[in-house]
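Thank you for sending this one over for comment. Please keep the sequence and the structure at hand while reading my remarks.

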Amino acid sequence: MIIETRHLTKIFNGNGGCRDVTLSVDEGEVFGFLGPNGAGKSTLIKTLVGLCRPSSGEGSVLSRPIGDVNARRSIGYLPELFRFQDYLTPQELLMFHARLYKMDMSDIDGRIDKLLDLCGIGDHKRQQIRTFSKGMQQRLGLASALLPSPKLVFLDEPTSALDPVGRRDVRNIIEVLKNDGVTVFLNSHLLSEVELTCDHVAIIDNGHIIASGSLDELMKKNKKLEIRLGGVDDAALSALKDEGRKVTIHGGILEITIEGESEIPGIVRTIAQNGGNIYEVGTSKTNLEDIFIGMIDEEREGSGSNNRDEL
């Protein structure tokens, strides 16, 4: 495993942070880490890269303990909030970072030019950073994260300041990294970007992992069944709720979350046996945003429970 944690916890004076995080990330995959603002996403990343000391639990990165100096030489990191010395040019900044990494300087000029071109700012390599837009600074941050030819890259909101063209460019860069065997740990609130790029995801809320698994598993487990009825029958609704079904009603259409299509015959039978007249049955396409919001809402409704979903 490239990343592995066991009950990893980082809290600040008893508040915030991440708690009891157990997850694993395989080599060469793009791993999406999702959660609302303040859920603990950035805290976990800072702990994994060694910027924060864990309060408890344990973990390894690149088969070395969290914070190991040798492992950190093979890690690229783009923080969510960063500031560069704005009197420098991109070329000067990356040269400075190369020295901090103690990289071989014999071919560093060629690598810097290649990265600036890859990230779309090669034509501005001698321009002072203070003249850059937020999007251009974001591209420079990405180039800095890729400078040491990392085996593992942490990207914390890498597309936050980018327009649609910039977001597409970042997706293309992530695809290049994946094809080269680089593992990408992606923290983003743009769920459509995660859906397009990630192999596996984990969802965190209030510091706790509430779901994790492959994107395909997540989609399959959270299908929406839509049933159009001739009239909403109270007996049928009660029977469904007695079975533990979460049912919503929109203008005569029942919407029920199912884990697989094998559940459909039993649901239809329950409705029919309790006087419901069924006119149409189908499944609606579920996107990651629907799943994310549904899980967060469900977690907060049952916040008194210690149960966690593992996909």
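The points below concern a sheet with its helix, and then the aromatic pairs, in what is a predicted model.

1. The sheet is open and consists of four strands, which follow one another in the order β2-β1-β4-β5 with antiparallel pairing. Because β2 (15-25) and β5 (64-65) each have a single partner strand, they stand at the edges, and one side of each is left without a neighbour in the sheet.

2. Between strand β1 (residues 3-12) and β2 the antiparallel pairing runs over six bridges, and within this part of the sheet L8 stands opposite V21 in β2. Helix α1 (residues 41-48) packs on the sheet, where it touches β1, β2 and β4 (56-61), and its direction makes about 115° with that of β1.

3. Turning to the aromatic side chains, a search of the whole structure gives four aromatic pairs. In one of them, F33 and F185, the ring centres are 5.5 Å apart and the planes stand at 50°, so the pair is tilted. Since F33 belongs to strand β3 (residues 30-34) and F185 to strand β8 (residues 183-187), the pair ties together parts that are 152 residues apart in sequence.

4. F33 is buried, with a relative accessible area of 0%, and F185 is likewise buried, at 0%. F33 and F185 also belong to one aromatic cluster, which F31 and F154 complete.

5. A further tilted pair is formed by F82 and F84, with 5.0 Å centre to centre and 40° between the planes. F82 is buried at a relative accessible area of 16%, and F84, at 17%, counts as buried, the cut-off being under 20%.

Technical notes
Residues numbered from 1 in each chain as written. Predicted model: local features only at pLDDT ≥ 70, side-chain atom pairs only at ≥ 80, totals over all residues. Heavy atoms only, no water. Pairing = 2+ DSSP bridges. Helix = DSSP H or I, 4+ residues; strand = E, 2+ residues; numbered from the N terminus. Contact = heavy atoms within 4.5 Å. Axes fitted to C-alpha atoms, helices over the stretch in contact; angles between N-to-C directions. Phe/Tyr/Trp six-rings, centres within 6.5 Å; stacked < 30°, edge-to-face > 60°. Buried < 20%, exposed > 50% of the residue type's maximum accessible area, 1.4 Å probe, protein only.
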